[in-house]
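User: Could you take a close look at the place where the two chains meet, and walk me through it in one go?

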Amino acid sequence: MNFLEIENLQKRFALTTAVAHVQLEVTRGEFVSLLGPSGCGKTTTLRIIAGFESPSSGAIRLDGVDITHRPPHQRNVGMVFQSYALFPNMTVAENVGFGLKVAKKPAADIKQRVEEMLNLIKLPALGNRYPYQLSGGQQQRVALARALAIRPQVLLLDEPLSALDAKIRVSLRLEIRSIQRELGITTIYVTHDQEEALSLSDRIVVMSEGRVEQIGSPFEIYNFPRTSFVASFVGTLNVLRGRVADPARGAIVIDDQEIVASRGLEHARVGDAYSVAIRPEIVSLSWARLSGSVCASRTTPSRWTRSITRGSYCRSGGRR
Amino acid sequence: MKPRRLGAWLVIVFGVLYFFVPLLGTFEFSLRLLRGVYSVAAYRIVLADPRFAATVTYSTVLALATIVMGVALVVPTAYWIQLRLPRMRPVVEFITLLPLVIPAIVLVFGYLRIYNSSSALPLTGSARTTDLLLMFSYVTLALPYMYRAVDNGLRAIDVRTLTEAAQSLGAGWSTILLRVILPNVRVAVLSGAFLTFAIVIGEFTMASLLDRPAFGPYLQLIGANRAYEPAALSIISFAITWACMGLIQIFTRGVPGQVAGAH
């Protein structure tokens, strides 16, 4: 059953539509990422779920209860911000216990829960430190503990790793996922980083210009993009333009060479202009079969014009 | 010595002379009550005068009330403008600057016209309500300093995100203001408070025209009738002001993540 339901959500500002007809159902314990470029409406959607923005139309239901017009402090939704947003005047322990203190929980319960949370984020000894005495990664872990301490129904993360350096980003990413799995908490994660979304999520919602482009598992999003935007935004692609030769077989002719798609081409007719997008990692280069495939024919060494080292792989390009 | 460094030293020496020679002169003069010897007799006379203690106490109480009222007015206002009405900032800044542009004498005549004993709100009708009116007029006088100090403090923290973080943890507006915002602009509020104190303690025009027994009119009275005691009073006033500045320095030191407001 759906735990969090976002129904036909719209948010219009004076001149722009930030969120247009967003529809999403999230099951209990699911990890869903909202992925898209800056200004695609992902953060606005998250802020509407948190209650910081009110939608122009549409509804949000949490565990069957309509929370669309409920103020943020009555939603029981945990939020982690890009800028950590720890309270500078409070120690780590006070930060983590803030929500419980506001809820007037007994001091002994607060102490126990704070310890539990600090153990969860593997910082049990830092309770007495102030935020400014911590590294960025530690601060964000404390922010996560603070959001989780109140036992929220949903955890919202707004680009939580964007301000951190690459190494910390990867390790904290894994930590967030393992904590989320351990607690089984329903999580909405906003990011513009496709690698983050692909590696963390049960499902990804790709957004562009306020609209949902595609919702699917990381495998579906990466391998079966439904729109050209999703195809170009997620991963790297070689786009080759050609003409349809045989729609039923999925055959397309590009520069006199025929390639065959894995599926037939629906609604296509012979001679239609067609683009083929090929992920670079599925292309193998072979000296022996220079004439065999459309890609190999473009990759004779003498025609390579540029090569960019990208760490674990090398990106090469050629002249046509 | 390099010419540039020499120039800098000359400026410093000139500044020190400019500020300290009159002060030293006043101090030296205040010690000359008894002919032929230096003594603190003038200070003794001033401090023994019951009106000194009464007026200083009156002005101190009024200053503290002004600070409480000013903080209660300015912190939520500046916070709300930063959070929800950033476009109103120039308008509010203009309003808070008005007391610097409009002379105190004009303000107080306005008060007397509006709140005199035959008006709809006769605040000048009794001593207590006149004290109240004087307190509100001091809030207005101190507004440019208090607002600027608090606004600078608020600009130094991420008001919006801290507010949202507190909201998501279940905090309502009063909790956010008292437990999150106010502690994080404490230093700025203190700066504003000490400046308010320094203004109120020596204010003359309003207290005099509203006929209240404040320290300012007492200072003027002594200045008009005595020779050496006014110099001693000046030095005492300086000491009070410097003590305020010293307190700002002490409170602004070593507080994590906090920035003092405008001085």
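Analyst: A quick bit of vocabulary to begin with: helices (H or I, at least four residues) and strands (E, at least two) are DSSP runs, numbered from the N terminus. By that rule, chain B comes to 12 helices and zero strands. Bear in mind that this is a predicted model, where local features need pLDDT of at least 70, side-chain atom pairs count only at pLDDT 80 or more, and totals for chains, interfaces and linings use all residues. Residues are numbered from 1 along each chain as its sequence is written, chains are lettered from A and ligands numbered from 1 in the order in which they are written, and side-chain values use heavy atoms, with hydrogens and water left out.

Now, the contact itself (heavy atoms within 4.5 Å). Chain B brings 19 residues to it and chain A brings 23 residues. Together they bury about 1,900 Å², 66% of it on carbon and sulfur atoms; buried area here is the accessible area (1.4 Å probe) that two parts lose on being put together, summed over both.

For charges, the rule finds one salt bridge across the interface, a salt bridge being a side-chain nitrogen of Lys or Arg within 4 Å of a carboxyl oxygen of Asp or Glu. The partners are Glu164(B) and Arg47(A), with the closest N and O atoms 2.5 Å apart.

On the chain B side, the elements giving two or more residues are helix 7 (159–168) and helix 8 (173–184). Helix 7 of chain B has the largest share, with eight residues. Sorted by class, that side of chain B has eight nonpolar, seven polar and four charged residues. The classes work like this: Ala, Val, Leu, Ile, Met, Phe, Trp, Tyr, Cys and Pro count as nonpolar, Asp, Glu, Lys and Arg as charged, and the others, Gly among them, as polar.

Over on chain A, have a look at helix 2 (residues 92–102), where eight of its 11 residues are buried, meaning under 20% relative accessible area (1.4 Å probe, protein chains only). Among them are Val92(A), Asn95(A), Phe98(A) and Leu100(A). The buried residues of this helix pack against helix 3 (107–120) and helix 4 (136–149) of chain A, together with helix 7 and helix 8 of chain B. Helix 2 of chain A is followed by Lys104(A), whose phi is positive, near 60°.

Methods
Buried means under 20% relative accessible area, exposed over 50%, partly exposed in between (1.4 Å probe, protein chains only).
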